[in-house]
Amino acid sequence: MWAALPPPRRGDLVPRRSHTGDTVDPKNLLVLMSDEHNPRMLGAAGHPLVQTPNLDALASAGTSFTSAYCNSPICVPSRASFATGRYVHQIGAWDNAAPYTGSAASSWGHRLAQQGHAVTTIGKLHYRNSTDDIGFPDQRIPMHVMHGIGDVYGCIRANMPVTRYQLGHVDQAGDTDSEYIRFDAAIAAEAVRWLHAEAPTHDKPWCLFVSFTLPHFPFAAPEHHQRRYRRDDIDMPIAWSPDRWPMHPPLAAFRHARVQDPGDLRSVDAIRRARLVYYAMCSFVDELIGDVLGALGDADLADDTRIVYTSDHGETLGDYGLWGKSVMYDSAAGVPLILAGPEVPAGHSVDCPVSLVDLAPTIMAGTGAEPTAEDADLPGTNLWSMAAGDEPVDRTVFSEYHATGSASAAYMLRDRRWKYVHWVGHDPQLFDMQADPHELTNLADRPTHQPRVADFGRRLAAICDPVAVDVAAKADQQRRIATNGGEAAVLAAGQQINFTRAPKQFRLN
């Protein structure tokens, strides 16, 4: 395990504001991202079983954001929002066939590189290709969408064909080797090498973005991590049995199209086995993160480097009868988020809602890069300031979904207490996240909550027109289907992309 960073003293955390709005001195920045990490699956988040000692130490040394969300619970759109600091509907990154190309908006990478900061990425990016001007000129062993196109099959939103590959992953859980395991090990090794050999050569704050593929399915983990857990000890998912599944119409339709019907339910043993392997995947990523953080310390860079850890979205892992992501429950739309390093309060947590669009201004402020006029309308907030105690009294964060398995758009608004989910063409959902953190009771149809539902509707309208955005997304998806030969050709080409393949040198066959 890496040695925890020395905690700063509270008295030293006097905010220093400049015209850029930052509250910290410019430092190097190490951004660590995993893929599909359910925010509950961390020791630091209170999970009684999941073993993540390095991330737990990072949380102890820094500040955890306990109500953090992605801006779209699926890989490609979420990573486009993360890069640009903008919402999916603002940049047309609707689905896994609409990768970021650099043309819709600038990224935080553009800002840093334009101002002389070294920006290096290692691992999964999930943009279109390595030649687009996306602001990341130094890409090491990158992963982008398959064939530079992505999942056009998932653009079919009406009369969706049924696919059940998630259940295949449940059935096959337990391999001890995979292309993702090999790829992630190589990502960590390159990050360790870079920190020792290249980081010291830069005379201006740099940003190293290290992006892993796990714990994204398929469910495979090294044997020694699987041995950490006993199957009989594994907890069962939230509302996992069909008699407890939420049957809200768009969720039931999604479950039928992409996950399972009641007759498809896997055995308790199979569910526990898949969850065990997922926990082992989390432990493996934690081990690799420990290697990278250890190299940061060994290279004497810890005093001059701040750290961000997050994921692109979560994983339902059987909750509500669902597997994968693509829904607005915290299991899928929530993400872990930890900030640590110089001037970041230690052992601190922030429950004010935040989201991945906050990381663009956070990265710029942390490295000392100046925003431009183009950045004036970014919806995000500098999280260094929030970590230091400058929390807004109230704040609403936003997520949206326009992708595979959903016949119409879903929008989520979250403030400190309430979560509101707006479904185009269907009744909304409203959850009291303090009294009902597992989102089991929909309050949207209760007469006493109608004023609150109406208020959330007004907040949503201030962000976007939900119907107009739904129409725009579907029109763009139809255009891409036509570009690829039409719906019949897309269907004839085969099933939707199961998971993006690792670079060829890491594949098993």
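## The second largest pocket

Let's start with a helix at the edge of an open space. Helix α14 (residues 466–483) contributes three residues to the lining of the second largest pocket, the most that any element gives. Please keep in mind that this is a predicted model.

The second largest pocket holds about 330 Å³ of space. Its lining is made up of 19 residues, and Ala-97, Ala-98, Pro-99, Thr-101 and Arg-480 are the closest to the centre. Sorted by class, this lining has 10 nonpolar, six polar and three charged residues.

## The largest pocket

Now for the largest pocket, where about 620 Å³ of space is found. Here 25 residues form the lining, with Pro-39, Phe-65, Thr-66, Ser-67 and Asp-330 the closest to the centre. Three elements each give two or more residues to this lining: β2 (62–65), β3 (68–69) and β8 (337–340).

What is the lining of the largest pocket like by class? It has 14 nonpolar, six polar and five charged residues. How can such spaces be found at all? Rolling a probe the size of a water molecule over the atoms reveals where empty space remains.

## Helix α13, one face in and one face out

Helix α13 covers residues 450–463 and has 14 residues. At 1.5 Å a residue, α13 should span 20 Å, and its end C-alpha atoms are indeed 20 Å apart, so the expected span and the model agree.

Which residues of α13 are buried? They are Val-453, Phe-456 and Leu-460. Looking down the axis of α13, you would see its buried residues within an arc of 60°, which means that they line one face of the helix. There is a simple background to this: an α-helix has 3.6 residues a turn, so residues three or four places apart point the same way.

The buried residues of α13 pack against the strands β11 (397–401), β12 (410–414), β13 (418–423) and β14 (429–432), and also against α14. Helix α14 is already familiar from the lining of the second largest pocket. On the face of α13 turned away from its buried side, you will find the exposed residues Pro-451, Arg-458, Ala-461 and Ala-462.

## A look at Asn-28

Our last stop is strand β1 (residues 28–34), where Asn-28 lies. Is Asn-28 buried or exposed? Its relative accessible area is 11%, and buried means under 20%, so Asn-28 counts as buried.

Leaving aside residues up to four places away in sequence, Asn-28 touches Lys-204, Pro-205, Trp-206, Asp-304, Thr-305 and Arg-306.

Note on methods. Residues are numbered from 1 along each chain as its sequence is written. This is a predicted model: local features need pLDDT of at least 70, side-chain atom pairs count only at pLDDT 80 or more; totals for chains, interfaces and linings use all residues. Side-chain values use heavy atoms; hydrogens and water are left out. On a 1 Å grid over the protein atoms alone, a cavity is a set of points where a 1.4 Å probe fits but cannot get out, and a pocket is an open set with protein on both sides within 12 Å along at least five of seven lines; lining residues have an atom within 4 Å of a point. Grid points are joined across faces, edges and corners, and a volume is the space filled by probe spheres set on the points. Helices (H or I, at least four residues) and strands (E, at least two) are DSSP runs, numbered from the N terminus. Ala, Val, Leu, Ile, Met, Phe, Trp, Tyr, Cys and Pro count as nonpolar, Asp, Glu, Lys and Arg as charged, and the others, Gly among them, as polar. The expected span of a helix is 1.5 Å times one less than its number of residues. Buried means under 20% relative accessible area, exposed over 50%, partly exposed in between (1.4 Å probe, protein chains only). The arc is that of the directions from the helix axis to the C-beta atoms. Contact means heavy atoms within 4.5 Å.
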